[in-house]
Amino acid sequence: MSKGNFRTKMYTESGDLVNYWYAIGELKEFKKNKPQQRVVFGIPIAVWLNEDGKYSAILDRCNHRNAPLSEGQIVDKCIVCPYHGWVYDETGQCTSIPSEGPHVERIPNKKVESFPVEAKYGLLWVWMGEEKTPSREIFPMPVMDEHGWHYYYMKTEFTNNVTDLVENFMDVPHTVFVHKGWFRDRKQVRVEAKVERTKDSVLVSYDQPNDSIGFSSYMINPKKLPMKHTDNFYMPNNTRVDYIFGENERGFIISSTCTPRGEFDTMVYTLISYKFGWMTPLAKVGLNWYTRKVINQDVWIMDIHGKNVQQFGETEYRSTQCDAMHIYIESLREHAAEPEHKNKPKPIIKDIEFWI
Ligand code: FES
Ligand SMILES: [Fe+2]
């Protein structure tokens, strides 16, 4: 496939990281015949929903004089450039040029780049790969259809990069500082965990059956059932944090998928899934407020952290045992970005201990 000039530096330097599906909005954000712009790897994309319920996504740049197509209108399922009215179908093919009247033979055959899109799990996803036939599945957002579970999405802008964000979502030690009094308090208890790196995931399981998180003890776990806590990362941009009480009697799962708009500009879609027994229907309002409060604490620390990373870089990090999962995440993402320069990370399992 020929390389057009729309590929940003960020895109071309991302290697295999572009060959995945990225979330670009909750389905409820897209109204029929109202095109919108989304940005992934710094590339602006015009997205629209047709009359017949089909989504389309093409580069947000008219072939004529580069005007943004997302500012145009949808007519007969096609997008019409707001500047001189060139018309493009869902494949990016120009089908009409008003100033050429009936002369369709004068339409240039160069298409505007198009991108596969798919609606799934309440989100719209775009395939950013060079090859237009997706070679991978959309990340499976968990338990949406399982009995007893309720869920909602939160959409959050972070001024940091995907690697540091997924590490933050998988990071236990920060909870007693950044979320002090809200999620966990510092008690200097010893924590053991098993950290496993596979070819495309980092899986962490904690041995802390008596741990409690935020509201959990009085709201979701009144019987003080043992808690199973796992933090998993799935390439290249997804995390899933599970707190399961008893034998799946109750639970709280936080799943996040990160969409890089720019190097330090990331949109995160967080699916909060919860099963609190008879409390479940009552929980939504309080939980919404609580989870927004906690995420905003991460927005803050990720903002000031991101500014310092831009100032000082990331090459001088010092790590301890509790950073094992972060080092594994970095190894997978860095190898995907530069397969010819980085050694392929091997599967590994490591037992660690730390204090929180
Ligand atoms: S810039 Fe789009 S029609 Fe002229
Ligand atoms: Fe956090």
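**Group meeting: an iron site, a buried helix and charged pairs**

Good morning. I begin with one contact: Glu-334 and Lys-342 join their side chains in a salt bridge, with 4.0 Å from N to O. Glu-334 is partly exposed at 38% relative accessibility, and Lys-342 is partly exposed as well, at 32%. Please bear in mind that this is a predicted model.

Let me turn to helix 6, residues 324-337. Its 14 residues should span 20 Å at 1.5 Å a residue, and the C-alpha atoms at its ends are indeed 20 Å apart, so expectation and model agree. Is this helix enclosed or open? Of its 14 residues, 12 are buried, and therefore the rest of the structure largely encloses it. Among the buried residues are Met-325, Ile-329 and Leu-332, and also Glu-330 and Arg-333. What do these buried residues pack against? Their partners are helix 2 (162-169) together with strand 12, strand 13, strand 14 (227-234) and strand 18.

Two of those strands bring me to the aromatic residues. The structure contains 12 aromatic pairs. In one of them, the ring centres of Tyr-206 and Phe-354 are 6.3 Å apart and the ring planes stand at 85 degrees; because an angle over 60 degrees counts as edge-to-face, this pair is edge-to-face. The pair links distant parts of the chain, since Tyr-206 belongs to strand 13 (residues 201-207) and Phe-354 to strand 18 (residues 348-355), 148 residues apart. Both Tyr-206 and Phe-354 are buried. Elsewhere, one aromatic cluster is formed by Tyr-152, Tyr-243, Phe-252, Tyr-274 and Phe-276.

I now come to the metal. Which protein atoms serve as donors to the iron ion, ligand 2? They are NE2 of His-174, NE2 of His-179 and two OD atoms of Asp-298, at distances of 2.0 to 2.3 Å from the ion. Along the chain, the spacing of these donors reads H-x4-H-x118-D. His-179 sits in the loop between helix 3 (175-178) and strand 12 (190-197), while Asp-298 sits in helix 5 (residues 280-312), so the two residues tie together parts that are 119 residues apart in sequence. Both His-179 and Asp-298 are buried.

Why is the arrangement of the donors called irregular? The 4 donor atoms subtend angles of 58 to 149 degrees around the iron ion. A tetrahedral site would need all angles between 85 and 135 degrees, and a square planar one would need opposite donors over 155 degrees apart. The range of 58 to 149 degrees meets neither requirement, and the arrangement is therefore irregular.

Finally, I return to charged residues. Side chains of opposite charge can pair when their charged atoms come close. The structure holds 20 salt bridges, and I shall mention two besides the opening example. Lys-28 pairs with Glu-26, their closest N and O atoms being 3.6 Å apart. Are these two residues buried or exposed? Lys-28 is exposed, with a relative accessible area of 59%, whereas Glu-26 is buried, at 11%. Glu-192 and Arg-190 also form a salt bridge, at 2.8 Å from N to O. Here Glu-192 is partly exposed at 34% relative accessibility, and Arg-190 is partly exposed with a relative accessible area of 44%. In addition, a network of salt bridges links Arg-7, Glu-113, Glu-130 and Lys-132.

Thank you for your attention.

Conventions:
Residues are numbered from 1 along each chain as its sequence is written. Chains are lettered from A and ligands numbered from 1 in the order in which they are written. This is a predicted model: local features need pLDDT of at least 70, side-chain atom pairs count only at pLDDT 80 or more; totals for chains, interfaces and linings use all residues. Side-chain values use heavy atoms; hydrogens and water are left out. Donors are N, O and S atoms within 2.8 Å of the metal (3.2 Å for Na, K and Ca); water is not among the atoms, so sites may look incomplete. Four donors count as tetrahedral if all angles lie between 85 and 135 degrees; four count as square planar and six as octahedral if opposite donors are over 155 degrees apart and all others between 65 and 115; anything else is irregular. Helices (H or I, at least four residues) and strands (E, at least two) are DSSP runs, numbered from the N terminus. Buried means under 20% relative accessible area, exposed over 50%, partly exposed in between (1.4 Å probe, protein chains only). Rings of Phe, Tyr and Trp (its six-membered ring) pair if their centres lie within 6.5 Å; planes under 30 degrees apart count as stacked, over 60 as edge-to-face and the rest as tilted. The expected span of a helix is 1.5 Å times one less than its number of residues. Contact means heavy atoms within 4.5 Å.
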